[in-house]
Structure formats: structure tokens, C-alpha cells
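Here is a short set of exercises to work through with the model open beside you. Try each task before you read its solution.

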Amino acid sequence: MSQPPLGLYIHLPWCERKCPYCDFNSHETNEIPEQAYIEALLQDLRQDSDRVQGRTIETLFIGGGTPSLFSASAVTELMAGIAGIVSLAPNLEATMEANPGSAEAEKFAGFRAAGINRLSLGVQSFNNEQLGALGRVHDREQALTAIASIREAGFDNFNLDLMHGLPRQQPEAAAADLETALGFAPPHLSWYQLTIEPNTAFNKRPPLLPVEDELADIQDRGEELLASAGMDQYEVSAYARPGRECRHNLNYWQFGDYLGIGAGAHGKVTSTDGTIRRYAKTRGPQDYLSASSHRGERILSPAEAVSEFMLYALRLNEGFTIEAFEQRCGNPFSTVAEQVAGLIDRGLLQREENRVLPTELGRRFLDSVIAEFL
């Protein structure tokens with residue numbers, strides 16, 4: 001079984017304020033131990049270097065937390081250190097998540113000089129009332145200014161993160177958010193519905209969310225706006241102009257490999273013998289800094305590999321090829337042929353020569369489709 005492409009995920013876990021909907025490994029702080037953490041990340045990568053197995057890093061993604069709280073000099077040191085440990089592709093896609101705060105926007109040019117060539121800006125909404133309900137630390141004007149700053153800093157590739165189905169949000173307000181974002185002609189837009197996750201403040205004190213009819217109206221109107229603006233949906237909540245799809249996330253959805261460094265980071269690697277391993281790093285930032293970075297590792301069974309492949313691949317509008325399924329899972333297609341045939345009969349999947357993909361109905365009931373393989 002051939003090895004898939006390899007990416008690198010880097011987790012910077014600190015943020016200014018924990019949002020009530022956030023279930024990520026993020027921690028509020030007024031002071032970030034930048035130097036110590038950068039050194040720990042590079043040591044973590046050195047320990048993981050045997051997982052590379054001769055491959056080149058094709059994509060890199062710095063997530064959080066709020067990575068843009070780090071200084072441009074710290075990101076420069078990190079990027080240079082990474083390049084000294086692993087081989088980076090000449091056409092590396094290097095993404096960094098950023099918040100629209102004015103202090104972060106001032107660093108965008110420095111991040112660009114450090115080697116970051118794609119920013120993902122966490123706007124979420126352009127409505128100040130909604131931003132307050134979401135616990136965001138920026139306002140509408142800061143969001144508008146930050147988007148302009150991205151272009152001024154020389155980024156021709158960036159993503160805007162936008163949420164819908166917000167507390168008490170009407171379809172008109174959701175459409176207005178989307179129209180504002182599209183007015184900047186972003187190369188990529190992540191547009192997804194707010195969900196209430198366990199272990200969040202919203203789970204303990206649920207806000208009043210739009211009802212199902214309103215959510216359906218928001219979805220329908222939003223998809224029309226995105227299509228008319230030339231944004232192609234290629235994944236459940238991802239829209240892009242041609243050639244601007246997020247390569248790093250595509251690697252996840254196509255069941256590729258990735259190293260994970262940083263507090264709580266996860267990784268997936270495929271050995272030359274076809275063994276697929278998932279691993280995770282120490283979750284707490286202070287524990288990560290003071291102890292071994294590794295927390296645990298497990299080998300996927302053939303059945304688990306199939307389930308995980310379908311969980312990710314069927315999120316893509318283009319689905320997957322039979323060849324990709326067999327290469328990435330190490331299983332013959334016959335192991336899922338019966339389930340696929342049944343879903344085709346129900347109008348949830350379709351077969352186009354060597355490709356299996358969800359129908360429009362299947363995308364609407366994707367959880368039910370994926371459940372057939374779990």
C-alpha cells in the first residue's frame with residue numbers, strides 16, 4: 001500500500017478569551033510563554049521525525065487557540081526551525097489561523113515574511129450583537145479592517161470563517177453576514193452552522209437558536225448567494241474559487257497523513273507496510289512544556305480504517321475513487337460494496353464510473369449515510 005501525502009498540524013493553545021461555543025483545546029491567558037513553547041514544538045517535531053519516513057511536508061497548518069497572539073518573530077523562528085528538521089515542499093501551503101483584533105492585524109505582514117502564505121480569519125459574524133452573543137473579542141469594524149489588512153500584507157490566498165444559525169439569528173441577518181463577506185471576494189470561505197458541543201458554556205446554558213425551518217431557509221439562501229458569487233462548494237461547509245481549496249483540509253478529508261505537534265495535537269501516519277497509526281500529544285499546555293509530548297498511540301483495525309475513511313471522504317462533494325479507498329484503507333472495495341449499493345438504491349449515493357459520491361439528498365442526510373459504515 002502506497003503512503004499518502006503528509007501534512008503538519010501545529011497547535012498553539014492560548015487565546016484571549018474562551019468562546020462559549022468552543023470545545024477546542026484552548027486556554028485563556030494574558031501572557032504566552034512564546035520562547036519556551038517554540039522550543040518545545042521543535043523538540044516535539046524532532047521526536048516525530050521518524051514518522052516522516054522520507055516524505056516531504058506538503059501542507060502546514062497552525063491552529064489554536066488564537067495563533068495570531070504569537071509575535072511575528074516567534075512564528076519566524078518556528079518556521080525556520082521546522083525547515084531545519086523536515087523537508088518542506090517548494091509549493092508548501094502554510095496556513096495560520098488569525099483573529100480580527102487590531103493587535104493581530106498589525107502582525108500580518110510579519111507572518112507573511114515568516115513563510116505563512118495563507119491566513120484563516122475567524123470572523124464568525126459582522127453583526128456586533130451576534131459577536132457579543134458568541135463571546136468574540138472583536139467587533140464589526142475590526143473584522144472589516146482585518147480583511148483589508150490581509151490583502152495589504154500581500155496575502156492572495158486566505159479564508160474567512162463565518163458561522164450561521166446563531167442565537168436568535170433571522171435568515172435576513174445570516175444572509176447579510178454572507179453578503180458582507182462575499183463583498184471582499186475571498187478565495188475561500190468556511191460557512192458552517194453553530195452547533196452546541198459538550199463541555200462548553202453554551203451546553204451548560206443553551207442559547208435560543210433558530211428553529212429548523214429558519215435554519216433550512218438560511219442554508220438555501222446562503223447556498224444561492226455563494227453559487228452566484230462563483231464560490232464552489234467542495235465540502236459540507238467549505239466553499240472556494242477554482243484552485244483555492246484548502247489543500248491541508250483536503251488531505252484530512254482524503255484520509256491522508258499528518259504529523260501533529262503541540263499541546264493536544266493529533267496525528268495520523270501510515271507505515272510502508274500499510275499499518276495506520278493515530279496518536280495524540282499531552283493536552284495541558286503546562287504539562288506539555290514540562291513533560292514528554294507524547295500521550296498515546298493506537299493502531300487502526302481494518303474496520304476502523306474503513307469507518308474513518310468514509311467519515312471524512314463522504315464530506316467531499318466529489319466523494320472518493322475506488323482506487324483511493326483501496327490505497328488509503330488497505331481494504332478491497334468489496335468490503336463496503338453492499339452498503340454502497342444499498343445507499344445508491346435509496347438515492348443517497350451515486351456511482352460515476354470509478355467514483356462514489358453523495359447525491360444532493362445524501363449531503364442533506366450525511367450523518368445517516370456515514371452511519372452505515374460505522
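**Exercise 1. Locate Gln 53, say whether it is buried or exposed, and look at its phi.**

Step 1: Gln 53 sits in the loop between helix H1 (34-48) and E4; helices (H or I, at least four residues) and strands (E, at least two) are DSSP runs, numbered from the N terminus. This is a predicted model, in which local features need pLDDT of at least 70, side-chain atom pairs count only at pLDDT 80 or more, and totals for chains, interfaces and linings use all residues. Residues are numbered from 1 along each chain as its sequence is written, and side-chain values use heavy atoms, with hydrogens and water left out.

Step 2: Gln 53 has a relative accessibility of 30%, so it counts as partly exposed (buried is under 20% relative accessible area, exposed over 50%, partly exposed in between, with a 1.4 Å probe and protein chains only).

Step 3: Although Gln 53 is not a glycine, its phi is positive, about 55°.

**Exercise 2. Find where Asn 199 lies, and check its phi and its exposure.**

Step 1: Asn 199 belongs to the loop between E8 and helix H8 (201-204).

Step 2: The phi of Asn 199 is near 60°, a positive value in a residue other than glycine.

Step 3: With a relative accessible area of 74%, Asn 199 is exposed.

**Exercise 3. Which peptide bond joins Gly 64 to its partner, and where is Gly 65?**

Step 1: The bond between Gly 64 and Gly 65 is cis, with omega about 25°.

Step 2: Gly 65 falls in the loop between strand E4 (57-64) and helix H2 (72-83).

**Exercise 4. Describe the surroundings of His 138.**

Step 1: Begin with the loop between helix H5 (128-133) and helix H6 (140-152), where His 138 is placed.

Step 2: His 138 counts as buried, at 5% relative accessibility.

Step 3: Leaving aside neighbours within four places in sequence, its contacts (heavy atoms within 4.5 Å) include Pro 100, Gly 122, Val 123 and Leu 131.

Step 4: Look at Val 123 again: its backbone oxygen lies 3.1 Å from a polar atom of the His 138 side chain.

**Exercise 5. Work out how Trp 191 is placed.**

Step 1: Trp 191 is part of strand E8 (residues 188-193), and at 3% relative accessibility it counts as buried.

Step 2: Leu 178 is 13 residues from Trp 191 in sequence, and their C-alpha atoms are 8.5 Å apart in space.

Step 3: Not counting neighbours within four places in sequence, Trp 191 is in contact with Leu 178 and others, among them His 164, Ile 218, Glu 223 and Tyr 239.

**Exercise 6. How do the rings of Phe 325 and Phe 333 pair?**

Step 1: Apply the rule: rings of Phe, Tyr and Trp (its six-membered ring) pair if their centres lie within 6.5 Å, and planes under 30 degrees apart count as stacked, over 60 as edge-to-face and the rest as tilted.

Step 2: By this rule there are 13 aromatic pairs. Phe 325 and Phe 333 have ring centres 6.0 Å apart and planes at 90°, so they are edge-to-face.

Step 3: Phe 325 is buried at 0% relative accessibility, and Phe 333 is buried at 11%.

Step 4: Ring pairs link both into a cluster with Phe 255, Phe 309 and Phe 320.

Technical notes. Polar contact = N/O pair within 3.5 Å; in protein donor to acceptor, adjacent residues only side chain to side chain.
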